[in-house]
Amino acid sequence: MKDIRDLSFDEWRDELVRIGEPAFRAGQIFDWIYKKGATRFEDMTNLGRDLQEKLGRAYLVGRLELFGVLRSKDRAEKYVFRLHDGSRIESVLIPAGNRATVCVSTQVGCKYACAFCASGRRGFVRHLTPSEIVGQVLFLRDHIDTALTNIVFMGMGEPFDNFENLIKAILILNSPHGLGIAARRMTVSTAGIIPGIERFKKLGLQVNLSISLHAATDAKRSGLMPVNRKYPLEKLLAACEDYLREGGRKLTLEYVLIKKVNDGAEDAARLARIAARLKAKINLIPFSPVIGLAFEVPEEGRVLDFRRKLEAGGVPVTLRHSKGRDIQAACGQLAGI
Ligand code: SF4
């Protein structure tokens with residue numbers, strides 16, 4: 001059976017026409033699924049019994065099964081979902097006042113094995129379907145009181161490694177027939193997959209792009225992020241410049257600050273030069289401990305000093321203490337187990 005939530009609005013409209021139904025039904029059904037949260041055709045009361053039964057024989061409306069919720073002292077919440085094949089994925093809700101950001105997973109596990117990341121240590125299991133990606137947002141929208149205002153694709157997995165499903169999920173989230181979330185309120189974070197950046201650029205979406213940099217030399221970056229051996233720094237920066245030249249939105253550089261690994265004066269100077277070259281802002285994220293990893297959390301004084309050095313180089317910096325550390329929900333801590 002086909003999951004309707006794997007289809008963009010245009011695909012669903014074409015599908016309905018193909019099975020002999022009028023195109024206007026596509027809007028009605030998307031409304032039931034995305035506006036009213038229906039998952040059963042018999043609840044879609046304006047369709048008529050025959051159509052409900054016809055759809056029920058060939059289609060389903062996917063939904064995620066909640067496995068558990070962990071609530072952090074700092075109000076972050078980790079939602080663990082069990083998928084139909086028994087895999088588990090995690091989404092993190094990060095409230096701020098009466099708004100909230102949701103950090104969404106795009107894969108079960110990850111191929112890229114970054115040294116500081118729990119998802120990478122687990123290895124790659126499989127891509128998430130568009131329905132499973134969108135389903136994380138839908139579930140939260142329907143189960144929390146706070147308005148979901150921002151979506152970040154920074155959970156488990158490398159989004160550009162699951163490019164087609166990521167883009168389809170973005171289209172569904174963005175569509176007025178879907179969740180109607182503005183493109184500018186969504187951010188895709190990549191470990192620096194250059195072909196992904198190039199494909200993303202060609203789509204011309206107004207979705208934000210964030211590069212997980214984490215080191216400012218090839219030697220250090222390859223040590224922390226093996227993907228750098230395939231897509232080394234200079235080529236990555238050239239791809240970013242290209243992206244900006246062709247109308248891409250302002251970039252953010254993510255930098256997880258790890259004690260005595262990438263927190264020296266020389267690291268700050270190099271990072272500031274890269275950010276200036278790309279006119280990017282930096283999200284500085286003090287490392288969050290991952291069980292079984294020897295990396296250490298930098299002291300607050302050292303973090304502030306690193307930030308000062310970047311700012312002295314004229315670079316805008318946001319210091320983001322990753323939320324949810326106590327429930328293993330912070331950046332790099334998601335493993336789905
Ligand atoms: S940081 Fe991102 S790309 Fe690297 S292993 Fe973790 S999930 Fe994969």
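## Close-up views of a predicted model

**Figure 1. Arginine 184 is partly exposed, with 13 C-beta neighbours inside 10 Å.** Welcome to the first close-up of this structure, which is a predicted model. Arginine 184 belongs to the loop that links helix 6 (163-174) with strand 10. The count of 13 neighbours falls between the limits of 12 or fewer for exposed and 20 or more for buried, so arginine 184 is placed in the middle class. Once residues up to four places away in sequence are set aside, arginine 184 touches Gln206 and Asn208. Arginine 249 is 65 residues away along the chain, and its C-alpha atom is 9.1 Å from that of arginine 184.

**Figure 2. Strand 10 and strand 11 run parallel.** Let's follow the chain from the loop of arginine 184 into strand 10. Strand 10 covers residues 186-190 and is joined to strand 11 by 4 bridges. Within this pairing, serine 189 faces serine 210 of strand 11. Is strand 11 largely enclosed or largely in the open? Strand 11 takes in residues 208-212, and 4 of its 5 residues are buried, so the rest of the structure largely encloses it. Asn208, one of the residues touched by arginine 184, is in this strand, which spans residues 208-212.

**Figure 3. Twelve residues' names mark out the surroundings of the ligand, among them Cys110, Cys114 and Cys117.** The shell around the ligand also includes Tyr112, Ala113, Ser119 and Gly120. Further along the chain, Met156, Gly157, Glu158, Ala191 and Ser212 surround the ligand as well. How does this shell divide by residue type? There are 7 nonpolar residues, 4 polar residues and 1 charged residue in the shell. Ser212, a member of the shell, belongs to strand 11, which covers residues 208-212.

**Figure 4. Alanine 113 has a positive phi although it is not a glycine.** The phi of alanine 113 is about 50°. Where along the chain is alanine 113? Its place is the loop between strand 7 (107-109) and helix 4 (118-122). Alanine 113 counts as partly exposed, because 15 other C-beta atoms lie within 10 Å and the buried class starts at 20. Ala113 also appears among the residues that surround the ligand, so you may like to view this figure beside the previous one.

**Figure 5. Strand 3 and strand 4 form an antiparallel pair.** The pairing of strand 3 and strand 4 extends over 6 bridges. Glutamate 65 is set opposite arginine 82 of strand 4. How many of the 7 residues of strand 3 are buried? The number is 0, so strand 3 lies largely in the open. The hairpin has 5 residues between its strands, and arginine 75 adopts a positive phi near 80° there. Arginine 75 is not a glycine, and the loop that holds it runs between strand 3 (65-71) and strand 4 (77-82). With 14 other C-beta atoms within 10 Å, arginine 75 is partly exposed.

**Figure 6. Isoleucine 274 is buried in helix 11.** Helix 11 spans residues 265-278. Why does isoleucine 274 count as buried? It has 20 other C-beta atoms within 10 Å, and 20 or more is the condition for the buried class. Leaving out neighbours within four places in sequence, isoleucine 274 makes contact with Ala216 and Leu237. Phenylalanine 9 is 265 residues away along the chain, and 40 Å separate the C-alpha atoms of the two residues.

**Figure 7. Domain 1 and domain 2 are in contact.** The domain assignment gives residues 2-60 to domain 1 and residues 65-327 to domain 2. Taken over C-alpha atoms, the domain centres are 33 Å apart. Domain 1 supplies 9 residues to the contact, and domain 2 supplies 13. On the side of domain 1, helix 2 (residues 24-35) gives the largest share, with 3 residues. That side holds 3 nonpolar, 3 polar and 3 charged residues.

**Figure 8. The protein as a setting for the close-ups has 12 helices and 14 strands.** The C-alpha trace spans about 70 × 40 × 35 Å along its principal axes. A compact globule of 337 residues would have a radius of gyration near 20 Å, and the 21 Å of the protein agrees with this. Of the 337 residues, 47% count as buried. Among contacts with a separation of 6 or more, 68% come from residues 24 or more positions apart.

How values were computed:
Residues numbered from 1 in each chain as written. Predicted model: local features only at pLDDT ≥ 70, side-chain atom pairs only at ≥ 80, totals over all residues. Helix = DSSP H or I, 4+ residues; strand = E, 2+ residues; numbered from the N terminus. Rg over C-alpha atoms; globule rule 2.2 N^0.38 Å. Contact = placed C-beta atoms within 7 Å. Near = placed C-beta within 6 Å. Nonpolar A, V, L, I, M, F, W, Y, C, P; charged D, E, K, R; others polar. Domains from an automatic or database assignment. Pairing = 2+ DSSP bridges.
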